[in-house]
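Here is a short report on one protein model. It covers the domains, the interface between them, and the cysteines.

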Amino acid sequence: MASIKVHGVPMSTATMRVLAALYEKELEFELIPVDMRAGAHKQEPFLSLNPFGQIPALQDGDLTLFESRAITEYIGDEYSEKGEKLMCPGCNKVKALTKVWLNVEGQQFDPIASKIAFERIFKGMFGMTTDPAAVQELEGKLVRVLDIYEARLSKSEFLACDCFTLADLHHLPVIHYLMGTDSKALFESRPKVCEWVKKITARPAWAKVVDLQKQ
Amino acid sequence: MAGIKVFGHAASISTRRVLLTLHEKNLDFELVHVDLKDGEHKTESFLSHNPFGKVPAFEDGDLKLFESRAITQYIAPRYEGQGTNLLQPDSKNLAQYAIMAMGMQVEAHQFDPLASKLAWEHVFKLIYGLTTDQAVVAEEEAKLAKVLDVYEARLKEFKYLAGDTFTLTDLHHIPAVQYLLETPTKKLFTERPHVNKWVAEITKRPASQKILQ
């Protein structure tokens, strides 16, 4: 039985972030579904795993963690010798640049992009309607971020450096959803961004995460 | 002149996060003032420091960084032997590090969006001649109350957020907390005994006092 347990659902972007890291590292794990519709994430016993009532939570032996980006960082550190490298090896300087782009995803990209995904995709699932004005405003902000990404990716293979790191991986779930909507034009119209999206979504570990959604 | 430079504004919450870290570590640095009111953060010159046009930006020798939490997470290990230890007591223990990292994500994603909105409504809007929207304040305070309930439970068990010692996780909260203590939102902190005690501890630190000057 796997010592790593992930409590979450394959549809959730935050859960997908963690699953991607686990697959990149070729780690055995058990995905324990959380009944979101029944509000299980807002009650015990889930609250003992994450008192903020959000998926995912991860258990590794007697360590319990939540916040997907802390979980992936732990996976990258604890299992640094296994599977794919998720951090660039190197000195404080390289690590610092990776942290910059990890924070960019969390603070500049995700707040905008995940709202667009919510408008275009998740609202529909919950019987609500997309607000086109909101989408337009959000896309106006996203293009400014993507212009910066375009400039960055003209100088660097991947966001933090020339290797694939968590800074790229963290984008995968929301980009995956947006590429299935009209918002994909924003990514496809920027050559370096487009190339980067193709590279990171083509990774075998990512394909496994997407497969889980089909089951 | 080489050495540490911070490009920012002494009153900015994110700039203060970095200044706090430098003060805790007793590091010499130069604060290069960026005139936010004048839009200096959107000029070509500043954008070369941070293409996202936000303060702070940072230099240590030829290393250039932005995003306050990336900067603090660079300073803490880089200057590990100096000043206050801002990492866990055993900096090599990955489980302990993960708990600190988790707390930093909580600050960034659960606490700061609410605290920043409230600081904007109560404090910064007035500087720009705008008026506080009480409906927004009420909505954000309701959400912040729920977050602080979780903090209260946590701080019943541990003296600080990541364990029994002061770490970056606590530090990241200080600038927003300091602003909110000067507003009606203060009550959310003072009416929760363990949160109140934690707030008193982290704001009385000499470094926390220095950034207010």
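Chain A of this predicted model splits into two domains: domain 1 covers 4-83 and domain 2 covers 92-207. Their C-alpha centres sit 21 Å apart. Domain 1 of chain A brings 12 residues to the contact, and domain 2 of chain A brings 17 residues.

**The interface**

How much area do domain 1 and domain 2 of chain A bury between them? The figure is about 1,400 Å², with 64% of it on carbon and sulfur atoms. Charged pairs also cross the interface of the two domains: 6 salt bridges are found there. The model also has a salt bridge between the side chains of A:Arg69 and A:Asp110, at 3.4 Å from N to O. Polar contacts across the interface come to 7 residue pairs, both residues at pLDDT 80 or more.

Which elements of domain 1 of chain A give two or more residues to the side that touches domain 2? They are helix H1 (13-24) and H3 of chain A. H1(A) gives the most, with 7 residues.

**The cysteines**

A disulfide is a covalent bond between the sulfur atoms of two cysteines. The count over all chains comes to 2 disulfides. A:Cys88 appears in the pair with A:Cys161 and again in the pair with A:Cys163.

| Pair | S to S distance | Torsion about the S-S bond |
|---|---|---|
| A:Cys88 and A:Cys161 | 2.5 Å | about 95° |
| A:Cys88 and A:Cys163 | 2.3 Å | 95° |

Take A:Cys88 and A:Cys161 first. The torsion about their S-S bond is about 95°, so this disulfide is right-handed. A:Cys88 lies in the loop between helix H3 (68-78) and helix H4 (92-125), and A:Cys161 in the loop between helix H5 (132-153) and helix H6 (166-169), so the pair ties together parts 73 residues apart in sequence.

Now A:Cys88 and A:Cys163. This link is right-handed, with 95° about the S-S bond. The pair links distant parts of the chain: A:Cys88 is in the loop between H3 and H4, A:Cys163 is in the loop between H5 and H6, and they are 75 residues apart.

Are these cysteines buried or exposed? A:Cys88 and A:Cys161 are both buried. For A:Cys88 the relative accessible area is 10%, so it counts as buried. A:Cys163 has 29% relative accessibility and therefore counts as partly exposed.

A:Cys91 is in no disulfide; its nearest cysteine sulfur, that of A:Cys88, is 10 Å away. A:Cys91 is partly exposed, because its relative accessibility is 45%. A:Cys194 is buried, with a relative accessible area of 16%.

Technical notes:
Residues are numbered from 1 along each chain as its sequence is written. Chains are lettered from A and ligands numbered from 1 in the order in which they are written. This is a predicted model: local features need pLDDT of at least 70, side-chain atom pairs count only at pLDDT 80 or more; totals for chains, interfaces and linings use all residues. Side-chain values use heavy atoms; hydrogens and water are left out. A disulfide is a pair of cysteine sulfur atoms within 2.5 Å. Helices (H or I, at least four residues) and strands (E, at least two) are DSSP runs, numbered from the N terminus. Buried means under 20% relative accessible area, exposed over 50%, partly exposed in between (1.4 Å probe, protein chains only). Domain bounds come from an automatic or database domain assignment. Contact means heavy atoms within 4.5 Å. Buried area is the accessible area (1.4 Å probe) that two parts lose on being put together, summed over both. A salt bridge is a side-chain nitrogen of Lys or Arg within 4 Å of a carboxyl oxygen of Asp or Glu. A polar contact is a pair of N or O atoms within 3.5 Å; within protein, one must be able to donate a hydrogen and the other to accept it, and residues adjacent in sequence count only if both atoms are side-chain atoms.
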